[in-house]
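User: I would like a close look at one part of this protein. Please keep the answer connected and brisk.

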Amino acid sequence: MKHATIHRRIATLGVLAAAIAIVLPASLSAQRGAGGARGGMFNDPGIRLWTQLDENYEEFTEQLTITEEQGESIATLLTDFREKNEQGLEEYSEMRQSMGNRAGGGGGGGGNRQAMQATFQRMQTLLEKLGPAFEKLHTDVGELLTADQTKKLAELLQPPRRPGG
(Lines give C-alpha, C1' and ligand atoms only; values in the text may rest on other atoms or scores of the structure.)
Protein backbone atom coordinates (compact mmCIF):
# COMPACT_ATOMS: atom_id res chain seq x y z
CA MET A 1 0.00 0.00 0.00
CA LYS A 2 2.81 2.41 0.88
CA HIS A 3 4.45 1.57 -2.42
CA ALA A 4 1.34 2.68 -4.37
CA THR A 5 1.14 5.92 -2.37
CA ILE A 6 4.75 6.74 -3.16
CA HIS A 7 4.18 6.12 -6.86
CA ARG A 8 1.06 8.29 -6.80
CA ARG A 9 2.96 11.13 -5.15
CA ILE A 10 5.83 10.83 -7.61
CA ALA A 11 3.35 10.91 -10.51
CA THR A 12 1.62 13.95 -9.02
CA LEU A 13 4.93 15.77 -8.61
CA GLY A 14 5.80 14.88 -12.20
CA VAL A 15 2.49 16.32 -13.44
CA LEU A 16 3.02 19.46 -11.40
CA ALA A 17 6.59 19.86 -12.69
CA ALA A 18 5.41 19.39 -16.26
CA ALA A 19 2.63 21.96 -15.79
CA ILE A 20 5.11 24.47 -14.41
CA ALA A 21 7.54 23.83 -17.27
CA ILE A 22 4.75 24.30 -19.80
CA VAL A 23 3.34 27.46 -18.30
CA LEU A 24 6.51 29.11 -17.04
CA PRO A 25 7.69 30.70 -20.32
CA ALA A 26 4.23 32.09 -21.09
CA SER A 27 3.61 33.22 -17.55
CA LEU A 28 6.87 35.11 -17.06
CA SER A 29 5.77 38.00 -19.23
CA ALA A 30 2.19 37.83 -17.99
CA GLN A 31 3.24 38.00 -14.34
CA ARG A 32 4.07 41.63 -14.74
CA GLY A 33 0.41 42.33 -15.37
CA ALA A 34 -1.05 39.83 -12.92
CA GLY A 35 1.19 39.89 -9.93
CA GLY A 36 4.52 41.45 -10.69
CA ALA A 37 7.75 40.08 -12.07
CA ARG A 38 9.12 39.17 -8.67
CA GLY A 39 6.54 36.71 -7.48
CA GLY A 40 3.92 35.48 -9.87
CA MET A 41 0.21 35.85 -9.93
CA PHE A 42 -0.52 34.73 -6.38
CA ASN A 43 2.18 36.91 -4.83
CA ASP A 44 0.58 40.24 -5.73
CA PRO A 45 0.00 42.12 -2.42
CA GLY A 46 -3.67 42.79 -3.24
CA ILE A 47 -4.33 39.14 -4.06
CA ARG A 48 -2.44 37.98 -0.97
CA LEU A 49 -4.40 40.46 1.18
CA TRP A 50 -7.72 39.22 -0.20
CA THR A 51 -6.72 35.60 0.35
CA GLN A 52 -5.70 36.28 3.95
CA LEU A 53 -8.83 38.29 4.73
CA ASP A 54 -11.07 35.73 3.05
CA GLU A 55 -9.50 32.61 4.52
CA ASN A 56 -7.90 33.74 7.81
CA TYR A 57 -9.71 36.96 8.77
CA GLU A 58 -9.59 36.54 12.56
CA GLU A 59 -5.95 35.47 12.76
CA PHE A 60 -4.82 38.01 10.17
CA THR A 61 -6.52 41.00 11.82
CA GLU A 62 -5.26 39.82 15.20
CA GLN A 63 -1.68 39.84 13.88
CA LEU A 64 -2.24 43.42 12.70
CA THR A 65 -3.73 44.38 16.08
CA ILE A 66 -6.78 45.86 14.38
CA THR A 67 -8.97 48.03 16.59
CA GLU A 68 -12.71 47.48 16.77
CA GLU A 69 -13.35 50.59 14.65
CA GLN A 70 -10.80 49.48 12.04
CA GLY A 71 -12.35 46.02 12.03
CA GLU A 72 -15.78 47.47 11.30
CA SER A 73 -14.37 49.58 8.47
CA ILE A 74 -12.52 46.60 7.00
CA ALA A 75 -15.67 44.47 7.25
CA THR A 76 -17.58 47.15 5.33
CA LEU A 77 -14.84 47.26 2.66
CA LEU A 78 -14.93 43.47 2.34
CA THR A 79 -18.71 43.38 2.00
CA ASP A 80 -18.57 46.03 -0.73
CA PHE A 81 -15.65 44.24 -2.42
CA ARG A 82 -17.48 40.91 -2.43
CA GLU A 83 -20.67 42.46 -3.82
CA LYS A 84 -18.89 44.33 -6.62
CA ASN A 85 -16.75 41.34 -7.63
CA GLU A 86 -19.03 38.43 -6.77
CA GLN A 87 -18.84 36.56 -10.06
CA GLY A 88 -15.08 37.00 -10.49
CA LEU A 89 -14.39 35.99 -6.89
CA GLU A 90 -16.48 32.83 -7.25
CA GLU A 91 -14.55 31.88 -10.37
CA TYR A 92 -11.26 32.74 -8.65
CA SER A 93 -12.10 30.54 -5.65
CA GLU A 94 -13.16 27.64 -7.87
CA MET A 95 -10.00 27.88 -9.94
CA ARG A 96 -7.75 28.09 -6.87
CA GLN A 97 -9.49 25.07 -5.42
CA SER A 98 -9.10 23.19 -8.70
CA MET A 99 -5.42 24.09 -8.99
CA GLY A 100 -4.83 23.11 -5.36
CA ASN A 101 -6.53 19.77 -5.87
CA ARG A 102 -4.38 19.03 -8.91
CA ALA A 103 -1.19 20.02 -7.12
CA GLY A 104 -2.16 18.16 -3.96
CA GLY A 105 -2.41 14.87 -5.75
CA GLY A 106 -4.84 12.11 -5.09
CA GLY A 107 -4.92 10.76 -8.62
CA GLY A 108 -2.27 8.81 -10.37
CA GLY A 109 -3.04 10.11 -13.86
CA GLY A 110 -0.61 11.91 -16.09
CA GLY A 111 -2.74 15.00 -16.59
CA ASN A 112 -3.61 16.83 -19.75
CA ARG A 113 -1.11 19.41 -20.94
CA GLN A 114 -3.63 21.50 -22.87
CA ALA A 115 -6.10 21.45 -19.96
CA MET A 116 -3.41 22.64 -17.55
CA GLN A 117 -2.36 25.38 -19.94
CA ALA A 118 -5.97 26.43 -20.41
CA THR A 119 -6.53 26.56 -16.65
CA PHE A 120 -3.46 28.72 -16.09
CA GLN A 121 -4.50 30.98 -18.98
CA ARG A 122 -8.01 31.34 -17.53
CA MET A 123 -6.54 32.19 -14.13
CA GLN A 124 -4.21 34.74 -15.68
CA THR A 125 -7.06 36.38 -17.59
CA LEU A 126 -9.24 36.44 -14.49
CA LEU A 127 -6.49 37.97 -12.36
CA GLU A 128 -5.89 40.65 -14.97
CA LYS A 129 -9.60 41.46 -14.77
CA LEU A 130 -9.70 41.39 -10.94
CA GLY A 131 -6.26 42.99 -10.51
CA PRO A 132 -7.50 46.59 -10.21
CA ALA A 133 -10.12 45.51 -7.65
CA PHE A 134 -7.50 43.65 -5.57
CA GLU A 135 -5.20 46.68 -5.79
CA LYS A 136 -8.00 49.02 -4.66
CA LEU A 137 -8.82 46.72 -1.73
CA HIS A 138 -5.15 46.77 -0.72
CA THR A 139 -5.05 50.58 -0.95
CA ASP A 140 -8.34 51.04 0.91
CA VAL A 141 -7.34 48.72 3.75
CA GLY A 142 -3.92 50.39 3.92
CA GLU A 143 -5.58 53.78 4.40
CA LEU A 144 -7.28 52.48 7.55
CA LEU A 145 -4.04 51.38 9.20
CA THR A 146 -1.51 53.13 11.38
CA ALA A 147 2.13 53.34 10.29
CA ASP A 148 3.08 50.35 12.48
CA GLN A 149 0.17 48.32 11.15
CA THR A 150 1.12 49.22 7.57
CA LYS A 151 4.65 47.96 8.21
CA LYS A 152 3.30 44.74 9.74
CA LEU A 153 0.89 44.32 6.79
CA ALA A 154 3.79 44.55 4.34
CA GLU A 155 5.62 41.84 6.31
CA LEU A 156 2.57 39.58 6.42
CA LEU A 157 1.99 39.92 2.69
CA GLN A 158 5.53 38.99 1.70
CA PRO A 159 5.59 35.85 -0.40
CA PRO A 160 7.10 32.85 1.35
CA ARG A 161 10.81 32.54 0.73
CA ARG A 162 11.98 29.63 -1.31
CA PRO A 163 14.86 27.56 0.01
CA GLY A 164 18.15 28.84 -1.36
CA GLY A 165 16.56 31.99 -2.81
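Which helix gives the most to the negative patch?

Analyst: Helix α4, residues 86-104, gives the most to the negative patch, with 3 residues. This is a predicted model: local features need pLDDT of at least 70, side-chain atom pairs count only at pLDDT 80 or more, and totals for chains, interfaces and linings use all residues. Residues are numbered from 1 along each chain as its sequence is written, and side-chain values use heavy atoms, without hydrogens or water.

The patch sits on the surface and gathers Glu83, Glu86, Glu90 and Glu94. Patch members have over 30% relative accessible area and no salt bridge, and like charges are joined within 9 Å. A salt bridge here is a side-chain nitrogen of Lys or Arg within 4 Å of a carboxyl oxygen of Asp or Glu. For Glu, the charge is placed at CD.

Take Glu94, which lies in helix α4. Glu94 counts as exposed because its relative accessible area is 56%; exposed means over 50%, buried under 20%, with a 1.4 Å probe and protein chains only.

Helix α4 also gives two or more residues to the largest nonpolar core, as do α2 (45-63), α3 (68-84) and α5 (113-143). Such a core joins buried nonpolar residues through side-chain atoms within 4.5 Å. This one holds 27 residues; Leu49, Trp50, Tyr92 and Phe134 touch the most other members. The top contributor is α5, with 10 residues.

Around this, the protein has 6 helices and 0 strands. Helices are DSSP runs of H or I with at least four residues, strands E runs of at least two. Of the 165 residues, 32% count as buried.

Technical notes: Patches are made of residues with over 30% relative accessible area and no salt bridge: like charges are joined within 9 Å, nonpolar side chains (Val, Leu, Ile, Met, Phe, Trp, Tyr) within 5 Å. Accessible areas come from the Shrake-Rupley method with a 1.4 Å probe; for residues, only the protein chains shown count as cover. Lys and Arg count as positive and Asp and Glu as negative; His and the chain ends are not counted.
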